[in-house]
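Colleague: Please take a close look at one part of this model for me: whatever salt bridges there are, and their surroundings. Keep it brisk, and explain each term as you go.

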Amino acid sequence: MSLTIPSPLLRKVLLIDAATCTLSGALMSIGAATLARWTAIPHDILLYAGLSLLPIALVMAAIGLRSFVHPAMVWLVIGGNLLWVLGCIWLLVGDLIAPNTIGQAFITLQALTVAILTRLEHDGLRQSRSAN
């Protein structure tokens, strides 16, 4: 697969995804203790999930700022986002944690936001054109 010129949609959504990852990552890692009390989500899950988002945000931003991208890099972002959504669903229906109502809303909001961004990234990739 050759390099692709990212569509304006793809570029914007990757940068929005990077920004939301940065904000969520900072909130969950810096505010893990407070969020844990409010949501009944364990501190360590919030902390490590938040910390994991920060380098991911850098990768998304780097891809979104490039003049040419390899589609596989965008598929990597899409796949990672899908895993995040599945992880959120697992937290909601599994027995690993027992979030309260605020925690369930927090996890659901993340899953929905990431699912929407993933769909838009997919659409943006489809709109992109080959650089050859």
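Modeller: Start with the outside. The protein exposes about 7500 Å² (Shrake-Rupley method, 1.4 Å probe; for residues, only the protein chains shown count as cover), and carbon and sulfur atoms supply 72% of that area. This is a predicted model, so local features need pLDDT of at least 70 and side-chain atom pairs count only at pLDDT 80 or more, while totals for chains, interfaces and linings use all residues. Residues are numbered from 1 along each chain as its sequence is written, and side-chain values use heavy atoms, without hydrogens or water.

Now the layout. The protein has five helices and two strands. These are DSSP runs: H or I over at least four residues for a helix, E over at least two for a strand, numbered from the N terminus. Their order from that end is β-α-α-α-α-α-β. The C-alpha trace spans about 55 × 25 × 20 Å along its principal axes. Of the 132 residues, 39% count as buried. Buried means under 20% relative accessible area, exposed means over 50%, and partly exposed lies in between (1.4 Å probe, protein chains only).

Here is your part. The structure holds two salt bridges. In each, a side-chain nitrogen of Lys or Arg lies within 4 Å of a carboxyl oxygen of Asp or Glu. Side chains of opposite charge can pair when their charged atoms come close.

Take D123 and R119. Their side chains meet at 3.1 Å, N to O. Both residues sit in helix α5, and because they are four residues apart, about one helical turn separates them. Next come R126 and D123, whose side chains meet at 3.9 Å, N to O. These two are three residues apart in α5, so again about one helical turn lies between them. R119, D123 and R126 are thus linked in a network of salt bridges.

Which of these residues are buried, and which are exposed? D123 counts as buried because its relative accessibility is 18%. R119 is exposed, with 53%. R126 also counts as exposed, at 61%.

Look at another residue of the same helix. T118 lies in α5. At 5% relative accessibility, T118 counts as buried. T118 touches I78, N81 and L82, leaving out residues up to four places away in sequence. Touching, or contact, means heavy atoms within 4.5 Å.

Helix α5 also takes part in the interior. The largest nonpolar core has 29 residues, and M28, I41, L46, I63, V74, F106 and I107 touch the most other members. Helices α1 (8-30), α2 (32-39), α3 (43-65), α4 and α5 (101-127) each supply at least two residues of this core. The largest share, seven residues, comes from α3. Such a core joins buried Ala, Val, Leu, Ile, Met, Phe, Trp, Tyr and Cys residues through side-chain atoms within 4.5 Å.

L46 gives a detailed view. Apart from residues up to four places away in sequence, L46 touches M28, S29, A32, L35, A36, T39, I41 and F106. Across the protein, contacts between residues at least 6 apart in sequence can be sorted by separation: 77% join residues at least 24 apart.

Last, the cysteines. C21 is buried, with a relative accessible area of 7%, and C88 is buried with 5%. The sulfur of C21 is 11 Å from the closest cysteine sulfur, in C88, too far for a bond. A disulfide needs two cysteine sulfur atoms within 2.5 Å, and by this rule the count is zero.
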